[in-house]
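Trainee: Before I use any of the terms for this protein, I would like to hear how each one is justified. Could we go through them one at a time?

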Amino acid sequence: MNHEYYMARALQLAKLGLYSTSPNPRVGCVIVREGVIVGEGWHKKAGGPHAEVHALQDAGDMAKGATAYVTLEPCAHTGRTAPCAQGLIEAGIAEVIGATRDPNPLVSGRGYDMLRDADIEVTEHCLQAEAEALNAGFMKRMRTGLPWVRVKLAQSLDGRTAMASGESQWITGPAARRDVQRLRARSCAVITGADSILLDNPAMTVRPEETGIELEEHLWRQPLRVVIDGRNRIGGDAKLFAQKGDVLIATRKISADPITRDEKLGKLAYWSGESKGKVDLYALLQELGERGCNEVLVESGAALAGAFVAAGLVDELILYCAPTLLGSNARPLLSLPLDSMKEQIRWHWQDSRQVGDDLRLTLRPVKLPVAKEA
């Protein structure tokens, strides 16, 4: 049997959960009997049935003696749902082909062991790289406690992000802005700085109608909006407080007169942590990891984006380049004071493509980030 073919289909199904499964991983399952797919399923939302449950329901009695292809090791513990490994055993599955082990210590290896103890043949590492890439944030959080960090920036051809006055709307076109909405939609949290709030007053929300994504209404969710405000400069009249969704304000010291908002719109919480006179970015990411954030998107100005890069906290850089020139007086892409060539920070090209009239570049550090206190 062509294991890669059926696993590729399972991965296609898993991708359907790209915007809705957080904090759970995206998982797909395909059940094959005598070379024919008899059941399919994917995990839609945390707290709901896992991919294996949907696939077994789809297969019915045809699951007995069949082969199950699962993009992540079936769970072996009881959480909000019953163990999927036990469900596969009870359905009479004869063989399980897995893409990768679940790094969650509650699962890791135990799901496969449970299947093997039930005399089910288990084959691991089928399209493992592809499966791990789909859940890079979940994998990293389970292994390190930190979320996957993307920094999104938009620049002109001459590497500028805004005019000297701060005016920046709009460098990129509508297609690129729609693409950014999709990045937000897949993220568990969106991080920005106080300067961006004071200058641009963004809502920082996902606007489903602008994404072009077809998703059942109940599966849409708003990412946690995180504002790094070390000096408690933003006020309660900022637009993000009037929009639905939770907000976390990260500061060095919580204000004696904290902001309040209508609780019907969502929770507002404060978090404080300081390192070298600034908000401790590493500790903040640890906090977000503890909150179940798999992927975070940094949408900020040059100073905060540069601070994340300088601290070695960036896993992926998404750069939108517009076919325009802003001139030498305009603001630079990053505040990153480097003085010599040996200090340069090199990146790997991961992807480049045209999005509308703009170019989207995806890069990762040449060396894997070694997270350190900011």
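Mentor: Let us begin with Arg 207, which, leaving aside its neighbours within four places in sequence, is in contact with Gln 181 and Arg 184. Please keep in mind throughout that this is a predicted model. Arg 207 is found in the loop between helix 8 (194-200) and helix 9 (208-211).

Trainee: Why is Arg 207 called partly exposed?

Mentor: Its relative accessible area is 29%, and the term covers values between the limit for buried, under 20%, and the limit for exposed, over 50%. Because 29% falls between those two limits, Arg 207 is partly exposed.

Trainee: Which residues does the UniProt record list for "binding site"?

Mentor: The UniProt entry, which is unreviewed, lists Ser 168, Arg 184, Arg 207 and Glu 299 under that heading. Of these, Glu 299 lies in strand 14 (residues 295-299).

Trainee: What makes Glu 299 count as buried or exposed?

Mentor: The relative accessibility of Glu 299 is 12%, and a residue is buried when the value is under 20%, so Glu 299 counts as buried.

Trainee: How do you know that a polar contact joins the side chains of Glu 299 and Lys 152?

Mentor: The distance for that pair is 3.3 Å, and the rule asks for N or O atoms within 3.5 Å, one able to donate a hydrogen and the other to accept it. Because 3.3 Å lies within that limit, the pair meets the distance condition and is called a polar contact. Not counting residues up to four places away in sequence, Glu 299 touches Lys 152, Val 180, Arg 184, Val 190, Ile 191 and Thr 192.

Trainee: Val 190, Ile 191 and Thr 192 are in strand 8, so what makes you describe strand 8 as mostly covered?

Mentor: Five of the five residues of strand 8 (residues 189-193) are buried. Ala 189, Ile 191 and Gly 193 lie on one side, with Val 190 and Thr 192 on the other, and both faces are covered.

Trainee: How do you know that strand 8 pairs with strand 9 and with strand 14?

Mentor: Pairing requires at least two bridges between the strands. Strand 8 and strand 9 (residues 224-228) have five bridges in the parallel sense, and Gly 193 stands opposite Ile 228 in strand 9. Strand 8 and strand 14 have three bridges, also in the parallel sense, with Val 190 opposite Leu 297 in strand 14. Because the rule asks for at least two bridges, five and three both satisfy it.

Trainee: What covers the buried residues of helix 6?

Mentor: The buried residues of helix 6 (residues 136-144) are Ala 136, Gly 137, Phe 138, Met 139, Lys 140 and Arg 141, and what covers them includes helix 5 (128-134), strand 6 (148-155), helix 10 (281-290) and strand 14. Just after helix 6, Gly 145 takes a positive phi of about 85°.

Trainee: Why is Gly 289, found in helix 10, called buried?

Mentor: Its relative accessible area is 7%, and because the limit is under 20%, Gly 289 is buried. Gly 289 touches Arg 141, Gly 145 and Pro 147, not counting residues up to four places away in sequence.

Trainee: What makes the pair Glu 316 and Arg 150 a salt bridge?

Mentor: The closest N and O atoms are 2.5 Å apart, and because the rule accepts a side-chain nitrogen of Lys or Arg within 4 Å of a carboxyl oxygen of Asp or Glu, the pair qualifies as a salt bridge. The pair links distant parts of the chain, with Glu 316 in strand 15 (residues 316-321) and Arg 150 in strand 6, 166 residues apart. Glu 316 and Arg 150 are both buried. A network of salt bridges links Arg 26, Arg 150, Arg 186, Glu 295, Glu 316 and Arg 364.

Trainee: How do you know that Glu 40 and Arg 9 also meet in a salt bridge?

Mentor: Their side chains have an N to O distance of 2.8 Å, which is set against the limit of 4 Å, so the name applies. Glu 40 lies in strand 2 (residues 36-42) and Arg 9 in helix 1 (residues 3-14), 31 residues apart. Glu 40 is partly exposed at 25%, and Arg 9 is partly exposed at 29%.

Note on methods
Residues are numbered from 1 along each chain as its sequence is written. This is a predicted model: local features need pLDDT of at least 70, side-chain atom pairs count only at pLDDT 80 or more; totals for chains, interfaces and linings use all residues. Side-chain values use heavy atoms; hydrogens and water are left out. Helices (H or I, at least four residues) and strands (E, at least two) are DSSP runs, numbered from the N terminus. Buried means under 20% relative accessible area, exposed over 50%, partly exposed in between (1.4 Å probe, protein chains only). Contact means heavy atoms within 4.5 Å. UniProt positions are given in the numbering used here, feature names are shortened, and annotations may be inferred rather than shown by experiment.
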